[in-house]
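This is a walk through one protein structure, from the whole chain down to single residues. Please keep the sequence and the coordinates at hand while reading.

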Amino acid sequence: MAVRLRGLTGRCIFCAFSATRSLPLFQQRLPRTVNSVRFRTSKSKPGARVLSEIRQRPPGKSISVFELNAVVSAALEKIKPPLLDPPHQLYNDDDTDPSEYYHGLGKSPAEIHRKFRKFASAVAVGARESGFSDHGTFLVTKADIEAAIDESPHGLRDYLMRKFLDYIGVSPRSVEQEARVTNLKKAADLRFPQEWYPGTRQFQRTWYLHVGPTNSGKTYHALKRLTESGSGCYAGPLRLLAHEVFERMNTQGTLCNLVTGDDRKMLSELAQLTSCTVEMVDLNKPMEVCVLDEIQMIGDRDRGWAWTQALLGVKAKEVHLCGEERTVELIQNLAATMGEKLVIRHYQRLGPLEMMPKSLDGDLHKLERGDCIVTFSRKTIFAIQREIEATTGKKCAVIYGSLPPETRSLQAKLFNDPNNDYEILVASDAVGMGLNLSVKRMIFETTVKWDGTNMISVSIPAIKQIAGRAGRFRVAGASTPSVSATDIAVPLPAAPSIGYVTTLEREHHSALAYAMNATPNPLKTAGILPSTSHIEEFSALFPPHTPFHEVLEHLKTHTATTPSLFHICSFNEHLKVARALSYIKGLSVAERLQFCMAPITSDFMVQDAAVELAQRLADNRDGSVLAITALDLDILDIENPTRSEELRRLEGLHKALLLYLWLSWRFPATFAPRETAQDLKVVCEGLIDLALKNIKTSRKKLVMNEAEKAKIFAAPAVDAEIQLDEDDDDDDDEEEEEIYEGPEEEEDEGEEEGESVVPRAPPEMETDNVPESVPKKPLQESETNTRESP
C-alpha cells in the first residue's frame, strides 16, 4: 500500500489523501501587523517595555519573577563593559562620559569582564533569594531592585552601576567629580543656538527663501534686491564667488567692498555693500539685506555651521536664502523656532535640460565646440586634454579645484569666448560651483571617484549640480555677448538654449540616467559648532597645561544639541591641527583655536608651514614671508614649468601663501609685511597658468573586474553628501604604465575659502543667471508668518 502517485506526489497514498492536520492555536504563528509590536507573554517583552509598565502600576502591586528578570537583564546590558583596553565606556548611552568611570582603573578588560560575569550571576541570584549573596560586602535583594525602580526611570541602572563599581573595588565619583562633570556638560550645552545672538533677536527680520534648480534665476533676484537696498552683504561659499560679486557690483557703479579669509579690499568708506565668504559675515553690523548663497550647505557635516551662524546671527531686516528645494522643510522649522516671518519663492529652470539617449561610446571625434568633459582626477584631466588635442586638433581649457580661483576664472573666460580657439573644457567637479560657463553639453567621463579608500559612485546631488551647468552655449559670431566667468548678477540673453547631458563611455550611461531622474532627500538638520566663547569657557575647566587636543576631545564627548533640528559638525580636522601643534609652548587657547580654523590642507608644504608659523608666533620671532623656511620659494625661479611635479609644487606654494595671508589678518604684528606675500602669490599664479599650457600626459582608463563594476555602478545614493572636486594631489602624472589609479589623497573644493579647516564633502552649489525675458515675479510665492506676537 506504499504505492506513490507518480507525477502527483512523493508521499504515501494514504498520507496524500488524508485530512490535513491543523496545529493547535498556541503553536500557530500570529499574523504580523505593519507598524505594530505584539507580545503574547511578559517573557517576550523587552526589558524597557516591562520597566515602563511596572512604573505605571499603582503602589503596592508585586512584580513577577519574569518581569524582574527582564528589567534586571536590560539594566545589566546597559552597564556591560565593552572589549576595550583600557575600557572607556560603562554606559552604552550617548549622554554619559564613560572615561570618567574608568580613568586610572588599572585593570585589564579580561579581568573586568570576568568580574562582571560573576557580578551578573550574583545579581540574578540575589534578586530571587532575599538577603542572599556570595559576596561578603555586596548585597542585592528584590526589595533593593524594587526601590531602585521606583526611584527614577534610570534608577535600577544607576543602582546596579554603583554596586558593580563597589564589587570591583572602585569608589564612585566624589562630589567634586560630579560637580566637574556637571560643569563640563553645562559648558558644552549647544541645544539652543537660537539664544546665542540676543542682539539679533531684537530685529524684526523676514526670511526670503529662493529655491529652484540650477539656472533658474534665484540668485539673480536676490542680488537684485541687494543692489536696490541701502546696505547689505552677499555671502557665498567660495572666494571666487565673493570676488565675482565684488567685481560686478563695482563695474555697474555700485560701491562694494570685499572681505574674505585671506583678502580685504576696502574701496571706499562710503560703500554700504560687502561681498564676503559666508564665514566672514559681520554679525555685529546692522544692515538692510543679507544674501546667503547655496543655503543647502547648511546641512554639510563640515562647513554647515557657517551658514547656521550667519542665518541665526546676522542683523539684517531681510535675509535672502538661495538654494535647492530640499532645504524648504529645514528652513521652515528653523523659522518657526526663531519666530521669523518666512517667504518661500519657487523657481523653475529657464532652459530645458535633456539626457541624451546614448553616450559618445568613447569617440572623441564626436566632441563639439561648447562641450565640457567632467572627470574626478587631476591626472585624468591632463590626459584627456592631451588626447583630445592630439586626436581632434581642438584646444582645451582646464579647470580643477587645486587651481587658484584667479586661474580658474581665466580658464573659464578662455572657454567662454566664442572667438578664440578654446573649443572644449576639461574639468573636475569644480565647475559645479562659482563659474558661469558657456556649455552646450555636459559629458561625464565617469560616474565614479576615489574617496581615499575605495571607488564610489558620485552622489545624485553632485551629478545634478554639475549637469545643470549645461544650457548656456553661445556660438562665434552670435549677436548676443558671450558669457564671462563673472556674470553672476547679469541676466543672460533671452531664449536660453537646451542643455544636454551624457557620458563619454557607455558603461556609465545608465547610472547617469538614474541620477538625473532621482530626487534627493530633504535636509533634516543644520550644522553647528561651539563658538570661541564656548571653547574658552570649556577649556577653563581643565588644568592650565592640559593639551588643547585633549580639551577638544572632551568637548566632542560632552557636546549636546537638539538632534531633531541641529547636528554637531565634525571636530576631526580641528583635532588633527591641535595634535600637530601640541608640543609648541606659549600659545594661548584663542591662538590655537585660530590655527585650528585656518585653511590647512593635506599638502605637506602647507602643514609644515603651519607648524613653523605657529612656532614663530609662540616665540615672538620674525614672521615675514621670506623668513619662513617651509615655503618652497625656489620654484618661483623656474621661468617655464613643463613638468607635473613643478605644477604640484606651485599649487602647494600657492596654498601655503594663502595660509600665510589668512593668518596675517589675524596676527598682523607677527606676519608682516602682507604685501610681499601678495606679490609672491601673483607670481605663483602666473607660473601655474603657464604650466597648464605646457604639461602633457596620457590617459589611462580604469580597469575593474565584474564584481567591482556591479558594486560601483549601482544606483548613486539619493541623500549622500557631495564631495566637490576631490582632485588627486599625490598621483604621478609621469607614470604612464600605471593602469589603476590607486589610493590618492584627495582635496576638497572648499579648501580655498580660508575660513574652514579642510572642509570635506560640501553639498552642491550653483550660481544662477536670468535671461532678460524672465518675468518680474517668480513663478510661485508662498508666505508663512511664524513670528510670535509680543
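What share of the contacts in the protein chain with a separation of 6 or more comes from residues 24 or more positions apart? The share is 76%. The model behind this value is predicted.

The protein chain has 790 residues, and 55% of them count as buried. Its secondary structure consists of 24 helices and 21 strands. The area that the protein chain exposes is about 35300 Å², and 51% of that area is supplied by carbon and sulfur atoms.

Two residues in helices can now be taken in turn. Glu-244 lies in helix 10, which spans residues 239-251. Is Glu-244 buried or exposed? Its relative accessible area is 2%; Glu-244 is therefore buried, since the cut-off for that class is under 20%. Glu-244 can also be placed relative to Leu-435: the two are 191 residues apart in sequence, while their C-alpha atoms are 9.1 Å apart in space.

The second residue is Lys-118, found in helix 5, which covers residues 109-128. Lys-118 has a relative accessibility of 51%, so Lys-118 counts as exposed, the cut-off there being over 50%. Which residues form a positive surface patch with Lys-118? They are Lys-80, Arg-114 and Arg-117.

To put the two side by side: Glu-244 in helix 10 is buried, whereas Lys-118 in helix 5 is exposed and belongs to a positive surface patch.

Conventions. Residues are numbered from 1 along each chain as its sequence is written. This is a predicted model: local features need pLDDT of at least 70, side-chain atom pairs count only at pLDDT 80 or more; totals for chains, interfaces and linings use all residues. Side-chain values use heavy atoms; hydrogens and water are left out. Helices (H or I, at least four residues) and strands (E, at least two) are DSSP runs, numbered from the N terminus. Buried means under 20% relative accessible area, exposed over 50%, partly exposed in between (1.4 Å probe, protein chains only). Patches are made of residues with over 30% relative accessible area and no salt bridge: like charges are joined within 9 Å, nonpolar side chains (Val, Leu, Ile, Met, Phe, Trp, Tyr) within 5 Å. Accessible areas come from the Shrake-Rupley method with a 1.4 Å probe; for residues, only the protein chains shown count as cover. A salt bridge is a side-chain nitrogen of Lys or Arg within 4 Å of a carboxyl oxygen of Asp or Glu. Lys and Arg count as positive and Asp and Glu as negative; His and the chain ends are not counted. The place of a charge is taken as NZ of Lys, CZ of Arg, CG of Asp or CD of Glu. Contact means heavy atoms within 4.5 Å.
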